[in-house]
Amino acid sequence: MLQNVRIVLVETSHTGNMGSVARAMKTMGLTNLWLVNPLVKPDSQAIALAAGASDVIGEAKIVDTLDEALAGCSLVVGTSARSRTLPWPMLDPRECGLKTISEAQDAPVAIVFGRERVGLTNDELQKCHYHVAIQANPEYSSLNLAMAVQILAYEVRIAWLATQEEGKEAVVVEDQTQYPSADDLERFYVHLEQVLLKTGFIRTSHPGQIMSKLRRLYNRARPETQELNILRGMLSSIDNEKKHGK
């Protein structure tokens, strides 16, 4: 299960933070680190601050886009330290740990962390099923990247340990539902937007927040794989009708 948990760092700007994150991960049994378009590549400082977790740094996967890091994941949780104009389904760290381990039994799960100074963009957060916020002291809520990873990695480990106790294997198993991967969902959203543009429901000159709100709707509803196939079929039928001028 723990091998199925991806810690994804987006455009990290300090190699020391990469090393500190690797250390925070390894202490909790996590080793699957993904770096999305890091502003600098891991170096000797990253190895030094990893303090024995250099293997996590050495095996980290470096990709150009967030979509590449999320490919194949059935669940994506994005970290957000502030409220957004478009509210999203939220988890607290304990819920994040439980849900992560529940779904990591069958498919990869990604927990995504943003840039040190500004976090994740709205577009990046809209690729996530849930957002997670750490309820720090509102008078001083400054958590560095490694601290945030440590807190969530700890909750993941606690949830995993609960499954290891004799007779408690099913503690976090909610169901056996098959959910589409993040890349399948992205293909659905692209298809949906194309159809809505063709039908005139979305105006190219004034698209507004329609797609953002539709993403929130479907992420909140969490369609199963078969349900997503039905939705794709509906869109294809509309495409076919438009091709025949109906």
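Which side chain meets that of Asp55 in a salt bridge? In this predicted model, the partner of Asp55 is Lys26, with an N to O distance of 3.0 Å. Asp55 belongs to helix 3 (residues 54-58) and Lys26 to helix 1 (residues 15-27), so their salt bridge ties together parts that are 29 residues apart in sequence. Asp55 has a relative accessibility of 31% and counts as partly exposed. Lys26 is also partly exposed, at 35%.

## Overall fold

The protein chain holds ten helices and seven strands. Its radius of gyration is 19 Å, close to the 18 Å that the globule rule gives for 246 residues, so the chain is as compact as a globular protein of that length. The C-alpha trace spans about 65 × 45 × 35 Å along its principal axes.

Of the 246 residues in the chain, 47% are buried. The chain exposes about 12800 Å², and carbon and sulfur atoms supply 51% of that area. Among contacts with a separation of 6 or more, 85% are between residues 24 or more positions apart.

## Salt bridges

A search of the whole structure gives eleven salt bridges. Three of them are set out below, including the pair described at the start.

| Acidic residue | Basic residue | N to O distance |
|---|---|---|
| Asp55 | Lys26 | 3.0 Å |
| Asp67 | Lys127 | 3.1 Å |
| Asp239 | Lys198 | 3.2 Å |

In the salt bridge between Asp67 and Lys127, the closest N and O atoms are 3.1 Å apart. Asp67 sits in helix 4 (residues 66-70), while Lys127 is in the loop between helix 6 (122-125) and strand 7 (130-132), so this pair ties together parts that are 60 residues apart in sequence. Asp67 is partly exposed, with a relative accessibility of 38%.

Asp239 and Lys198 form a salt bridge at 3.2 Å. This pair links distant parts of the chain: Asp239 is in helix 10 (residues 225-243) and Lys198 is in helix 8 (residues 182-199), 41 residues apart. Is Asp239 buried or exposed? Asp239 counts as buried, because its relative accessibility is 13% and the cut-off for buried is under 20%.

Some salt bridges share partners, and through them Asp67, Lys127, Glu186 and Arg215 are joined into one network.

## Arg115 and its partners

Arg115 lies in the loop between strand 6 (109-113) and helix 6. With a relative accessible area of 16%, Arg115 is buried. Which residues does Arg115 contact, leaving aside its neighbours within four places in sequence? They are Val10, Glu11, Leu120, Thr121 and Glu124.

Two polar contacts involve the side chain of Arg115: one reaches the side chain of Glu11 at 2.8 Å, and another reaches the side chain of Glu124 at 2.7 Å.

Glu124 is located in helix 6 and is buried, at 13% relative accessibility. Not counting residues up to four places away in sequence, Glu124 touches Val10, Leu66 and Arg115. Val10 thus appears in the contact lists of both Arg115 and Glu124.

Glu11 is in the loop between strand 1 (5-10) and helix 1. At 24% relative accessibility, Glu11 counts as partly exposed, whereas Arg115 is buried. The polar contact at 2.8 Å therefore joins the side chain of a partly exposed residue, Glu11, to that of a buried one, Arg115.

## Backbone with positive phi

Glu11 also has a positive phi of about 50°, although it is not a glycine. Asn37 is another residue other than glycine with a positive phi, in this case near 45°. Asn37 is placed in the loop between strand 2 (32-36) and helix 2 (44-50). Its relative accessible area is 32%, and Asn37 is partly exposed.

## A nonpolar surface patch

Which residues form a nonpolar patch on the surface? Tyr154, Ile158 and Leu161 do, and together they have about 240 Å² of accessible area. Leu161 is in helix 7 (residues 145-164). The relative accessible area of Leu161 is 34%, and this residue is partly exposed.

Technical notes. Residues are numbered from 1 along each chain as its sequence is written. This is a predicted model: local features need pLDDT of at least 70, side-chain atom pairs count only at pLDDT 80 or more; totals for chains, interfaces and linings use all residues. Side-chain values use heavy atoms; hydrogens and water are left out. A salt bridge is a side-chain nitrogen of Lys or Arg within 4 Å of a carboxyl oxygen of Asp or Glu. Helices (H or I, at least four residues) and strands (E, at least two) are DSSP runs, numbered from the N terminus. Buried means under 20% relative accessible area, exposed over 50%, partly exposed in between (1.4 Å probe, protein chains only). Patches are made of residues with over 30% relative accessible area and no salt bridge: like charges are joined within 9 Å, nonpolar side chains (Val, Leu, Ile, Met, Phe, Trp, Tyr) within 5 Å. Accessible areas come from the Shrake-Rupley method with a 1.4 Å probe; for residues, only the protein chains shown count as cover. A polar contact is a pair of N or O atoms within 3.5 Å; within protein, one must be able to donate a hydrogen and the other to accept it, and residues adjacent in sequence count only if both atoms are side-chain atoms. Contact means heavy atoms within 4.5 Å. The radius of gyration is taken over C-alpha atoms; the globule rule is 2.2 Å times the number of residues to the power 0.38.
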